[in-house]
Amino acid sequence: MSPEPEPRGRSDGSDATASFETGRYLYCVVEDEPGVTLEDTAGVGGGDVTLVRDAGFVVATHPCRSLFDSDDVDTVRRWLLQHQTVVDRMGEAFGTPLPFRFDTVLQGDDAAVRAWLRTHEPKLSDALDSLAGTWEYRIEVSWDESTLGDRLASDDSRLAELRRKRDEASDGRSFLVGKQYDRRLAEVKAAHRQGAMDDLRDRLRPLVDRLEASSGSGSTDLGSETRADDDRVRNTLTVLAREAHESELGDRLEDFASRPGVEVRFTGPWPPYSFAPSLGGEP
């Protein structure tokens, strides 16, 4: 199994109505390498991306006078892809970047960016050192509840007993026993998913630097699980790993996906958005 690309979502939470005289839209920070530069790449909204260098770091940026905001989904999606493209190109040129979230803006000109780099030099060094050579990968495990239920129902003695009682009971009693059956089946499926995900995490840990469970996207949040509109239950893992381990990660996920009713989506490599530390003074 090989990771597939996907667009990233907006998660800035900033005041989208803000405007200012002079600002710099920020894409990412990388460690400087003399002589290395960025090929011509259009930024968000067609912005002219330039590199600002200081204190041993490089920031990809472009001038702006307001935050980016639109009610048009296609426009926002295009901006997200433009943001992602710049961060990706920086990663290709300089190595693992420390990415900023979409619509991160520092008020001021290039001098303000240089001052910010100097102020945060120790934290930036620690952050880039901790992420060097690694990339983010996302893993979504999707369970077909119907297939899983059919398989587990035949192996559980309590479910077999409740099924027999339900079939032999009167109409009123059959309804109550049916409720007990449904609750037991839900418990058995949840326990099975938990055990399987624990097993998957154990398989992946030797290949990753860090591993985190996240709720992913779905209509119902069940802690580390989500239940989507198609009644499939999904577990999402985000891992920080070295690209050299990508192929073996894919092999282990492909083996896991061979289970009945299980689908696995593997995406990456991405800049380490989920693992980038808070600098405590982001612009």
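**Salt bridges, buried residues and strand pairing in the predicted model**

In the predicted model, R232 is buried, since its relative accessible area of 13% falls under the 20% limit for that class. The side chain of R232 forms a salt bridge with that of D144, with a nitrogen-to-oxygen separation of 3.7 Å. This pair connects distant parts of the chain, given that D144 belongs to strand β6 (residues 134-144) and R232 to strand β10 (residues 232-242), with their positions 88 residues apart. The acidic partner, D144, is partly exposed, with a relative accessible area of 24%, whereas R232, as noted, is buried.

E145, which belongs to helix α4 (residues 145-153), has a relative accessible area of 6% and is therefore classed as buried. Its side chain is joined to that of R193 by a polar contact of 2.8 Å. When neighbours within four places in sequence are set aside, the residues in contact with E145 are K189, R193, R227, D231 and V233.

Side chains of opposite charge can pair when their charged atoms come close. In the model as a whole, the count of salt bridges comes to 25. One of them is formed by the side chains of R184 and D156, at 2.9 Å from nitrogen to oxygen; here too distant parts of the chain are linked, with R184 in helix α6 (residues 171-204) and D156 in the loop between α4 and α5 (157-168), 28 residues apart. Of this pair, R184 is partly exposed, because its relative accessibility is 26%, while D156 is buried, because its value is 13%. A further salt bridge joins the side chains of D202 and R205, for which the nitrogen-to-oxygen separation is 3.2 Å; R205 is partly exposed, with a relative accessible area of 46%. In addition, D199, R203, D255 and R259 are linked with one another in a network of salt bridges.

P260 is found in the loop that runs between α7 (246-256) and β11 (262-270). With a relative accessibility of 44%, P260 is counted as partly exposed. The C-alpha atom of P260 is separated by 7.1 Å from that of T147, although the two residues are 113 places apart along the chain. Once neighbours within four places in sequence are left aside, P260 is in contact with T147 and R151.

Strand β3 (residues 57-66) has seven buried residues among its ten, and it is therefore largely enclosed by the rest of the structure. On the one hand, β3 pairs with strand β1 (residues 19-31) in the antiparallel sense over nine bridges, and in this pairing V30 stands opposite V58 of β3. On the other, β3 pairs with strand β2 (residues 50-54), again in the antiparallel sense, over five bridges, with T50 standing opposite T61 of β3. Strands β2 and β3 form a hairpin with two residues between the strands, where A55 adopts a positive phi near 55°.

Helix α1 (residues 73-94) comprises 22 residues, and the distance from its first C-alpha to its last is 32 Å, close to the 32 Å expected at 1.5 Å a residue. Its buried residues are T75, V76, W79, L80, Q82, H83, Q84, V86, V87, M90, G91 and F94. An α-helix has 3.6 residues a turn, so residues three or four places apart point the same way. Within α1, the buried residues T75, W79, H83 and V87 are among those to which this spacing can be applied. The buried residues of α1 pack against the strands β1, β2, β3, β4 (98-99), β6 and β11. Directly after α1 comes G95, which has a positive phi near 100°.

Taken over the protein chain, the model contains seven helices and eleven strands. Of its 283 residues, 43% are counted as buried. Among contacts between residues at least 6 apart in sequence, 79% join residues at least 24 apart. The area exposed by the protein chain is about 14,100 Å², of which carbon and sulfur atoms supply 44%.

Methods: Residues numbered from 1 in each chain as written. Predicted model: local features only at pLDDT ≥ 70, side-chain atom pairs only at ≥ 80, totals over all residues. Heavy atoms only, no water. Helix = DSSP H or I, 4+ residues; strand = E, 2+ residues; numbered from the N terminus. Buried < 20%, exposed > 50% of the residue type's maximum accessible area, 1.4 Å probe, protein only. Polar contact = N/O pair within 3.5 Å; in protein donor to acceptor, adjacent residues only side chain to side chain. Contact = heavy atoms within 4.5 Å. Salt bridge = Lys/Arg side-chain N within 4 Å of Asp/Glu carboxyl O. Pairing = 2+ DSSP bridges. Areas by Shrake-Rupley, 256 points an atom, 1.4 Å probe, with all protein chains shown as cover. Expected span 1.5 Å × (residues − 1).
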